[in-house]
Amino acid sequence: MSGKAVMHFINGEYTPGTSGKVFQNINPVDGSVICDVHEGLKPEVDAAVTAAKDALRGPWGKMTIEERVAILHKVADGVNARFDEFLEAECKDTGKPKSLARHIDIPRGASNFKAFAEVIKNAPTETFPMATPDGTGALNYSIRTPKGVIAVISPWNLPLLLMTWKVGPALACGNTVVVKPSEETPLTTSLLGEVMNDAGVPAGVYNVVNGFGPDSAGAYLTEHPDVDAITFTGETSTGTAIMKAAAVGMRDVSMELGGKNPAIVFADCDMDKAIEGVMRSVFVNCGQVCLGTERVYVERPIFDEFVARLKAGAEDLKVGEPDDEDANFGPLISKEHQEKVLGYYDLARKLGANVVTGGGVPDMGDALSGGAWVEPTIWTGLDDDSAIMREEIFGPCCHISPFDDEDEVILRANDTVYGLACSIWTENLSKSHRVAGQIESGLTWVNSWFLRDLRTPFGGSKQSGIGREGGVHSLEFYTELRNICVKL
Ligand code: NAD
């Protein structure tokens, strides 16, 4: 049975909009309909952007930083106070195990508001006293002002966490936002509207329009002339379309895009730690993590042992529904994505890969046969230039290749159009620093993966992104730095 239709959240109120169009929100666990979602088109986007623009001139624009920061703490507390509702909504939309979302999606989603509130409260600006020919001098100082209306376009893999990762700093800096969540995962973004109202966020500061990308809410939003900047997380090809839209009117963009991330495992690694880390980086969230590993390079002396142990780990994963507390492996996001991932599973076989484990669809019984399930999968034996090694699959799978020397593996790890994340496994301190410095990715972990400090720069190199968010680096995108020169 389906629940209440999801509406847009515009100017502090839930509204179905005027387009009259709805689409279905499908549960990836069994293919059932969770609810209808109202689709926003031009009128809904216009209304949301107008509300956001007006709110900049209202009480929000006049608040002190301290007042804004206090409200953002209330937003975080509000999410935590309704933790179970957010957890339920997120797991319905994504099918992911509650045991995972309880530790990552919801708490980190809430803490983004507090982390960026603290950043803005403590952010310094610069002053340059300057000499002038008449001897009186001048004083230059800079101020940070909000950029204006920020369009936030977010993906489905970590819906609340990745959306608040943008909304948190945007609001901390005094901007207003119009969010277009993924069409696959509208529930938590919608629920956050209630929390915003309860926390005292003025109407029009946080707006949500649901819909798709092309010819729908996403495209209308990014094309809207009153949107001052666009922050996007999603596929590189979508980012390209959004940059074209942003070029009209010279709007700034922040792009967090796809990856084809390597893990490099040296023979002198701590094998237990490496297996644990690579297991997580390949299979957590059913492989649907932008920072996840799809290419594993293992030094030849330990190759066979590593492959055997990763295989055992993959076969030990417990596939199950969100409510199954023992489950650590859920379905993919949708049937459409399942088809894409299974296409790569077929391709790997056709290309002659050795299928170490998986490669198909698990038998989940009749009740769940309509779900988007796939098996955790490991391959060996393919060349570095095969599509399996070049294209982002975004599923629970990896290819493992042997390597013989440090320079060789650095070249192979960097041989990709992407540059998002890498993990290096070695107990040799000098080697870890030497290799990490040569990897062309925005984030490199040594003997760990997904260990995140929100004060650090986050973003991709090459086709994995533009700009850095996190800590003070978020200020570069979410504020306008202005210089004031006072002749004394
Ligand atoms: P996607 O690009 O298909 O969609 C992302 C969002 O963009 C959705 O809300 C979608 O409706 C919207 N959209 C699509 N076309 C649009 C258009 N023309 N104009 C405006 N909006 C449009 O991505 P996805 O499938 O939701 O997410 C998976 C991808 O996201 C993977 O490539 C993954 O690597 C990437 N990702 C990157 C990061 C990062 O931090 N670098 C984090 C998570 C996910």
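The following paragraphs describe the domain arrangement, the salt bridges and selected local features of a predicted model.

Residues are numbered from 1 along each chain as its sequence is written, and side-chain values use heavy atoms, with hydrogens and water left out. As the model is predicted, local features need pLDDT of at least 70 and side-chain atom pairs count only at pLDDT 80 or more, whereas totals for chains, interfaces and linings use all residues.

The chain is divided into two parts, domain 1 (8-257 + 464-487) and domain 2 (261-453), with bounds that come from an automatic or database domain assignment. A distance of 31 Å separates the C-alpha centres of domain 1 and domain 2. To the contact between them (heavy atoms within 4.5 Å), domain 1 contributes 26 residues and domain 2 contributes 33 residues. About 2300 Å² is buried between domain 1 and domain 2, and carbon and sulfur atoms give 56% of this area. Buried area here denotes the accessible area (1.4 Å probe) that two parts lose on being put together, summed over both. Within domain 1, the residues that lose the most area to domain 2 are Val29, Trp156 and Ser464, which together give 25% of what that side buries.

Polar and charged pairs also span the two domains. Between domain 1 and domain 2 there are eleven residue pairs in polar contact, with both residues at pLDDT 80 or more. A polar contact is a pair of N or O atoms within 3.5 Å; within protein, one must be able to donate a hydrogen and the other to accept it, and residues adjacent in sequence count only if both atoms are side-chain atoms. On the side of domain 1 that touches domain 2, α4 (83-94) and α5 (98-101) each supply at least two residues; helices (H or I, at least four residues) and strands (E, at least two) are DSSP runs, numbered from the N terminus. That side of domain 1 comprises nine nonpolar, eight polar and nine charged residues. In this classification, Ala, Val, Leu, Ile, Met, Phe, Trp, Tyr, Cys and Pro count as nonpolar, Asp, Glu, Lys and Arg as charged, and the others, Gly among them, as polar. The count of salt bridges between domain 1 and domain 2 is two, a salt bridge being a side-chain nitrogen of Lys or Arg within 4 Å of a carboxyl oxygen of Asp or Glu. Arginine 102 and glutamate 325 form a salt bridge in which the closest N and O atoms are 3.0 Å apart.

Side chains of opposite charge can pair when their charged atoms come close. By the salt-bridge rule, the count comes to 33. Aspartate 77 pairs with lysine 114, with the closest N and O atoms 2.8 Å apart. This salt bridge links distant parts of the chain, since aspartate 77 lies in helix α3 (residues 65-81) and lysine 114 in helix α6 (residues 105-122), 37 residues apart. Aspartate 77 is partly exposed at 39% relative accessibility, as is lysine 114, with a relative accessible area of 29%; buried means under 20% relative accessible area, exposed over 50%, and partly exposed in between (1.4 Å probe, protein chains only).

Lysine 98 and glutamate 88 meet in a salt bridge with an N to O distance of 2.7 Å. Lysine 98 belongs to helix α5 and glutamate 88 to helix α4, ten residues apart. Lysine 98 counts as buried at 10% relative accessibility, whereas glutamate 88 is partly exposed, with a relative accessible area of 36%. A further salt bridge joins lysine 273 and glutamate 427 (3.6 Å, N to O). Lysine 273 lies in helix α11 (residues 271-283) and glutamate 427 in the loop between β19 (421-425) and α16 (429-436), so this pair ties together parts that are 154 residues apart in sequence. Lysine 273 is partly exposed at 39% relative accessibility, and glutamate 427 is partly exposed at 45%. In addition, a network of salt bridges links Arg82, Glu85 and Glu194.

Two residues in the loop between β20 (443-446) and β21 (461-462), asparagine 447 and phenylalanine 450, were examined for backbone geometry. Asparagine 447 has a phi near 55°, a positive value in a residue other than glycine, and is partly exposed at 25% relative accessibility. Phenylalanine 450 also has a positive phi, near 65°, but counts as buried at 13% relative accessibility.

Threonine 189, in helix α8 (residues 187-199), is buried at 1% relative accessibility. With residues up to four places away in sequence not counted, threonine 189 touches Met163, Val179, Pro181, Tyr206 and Val208.
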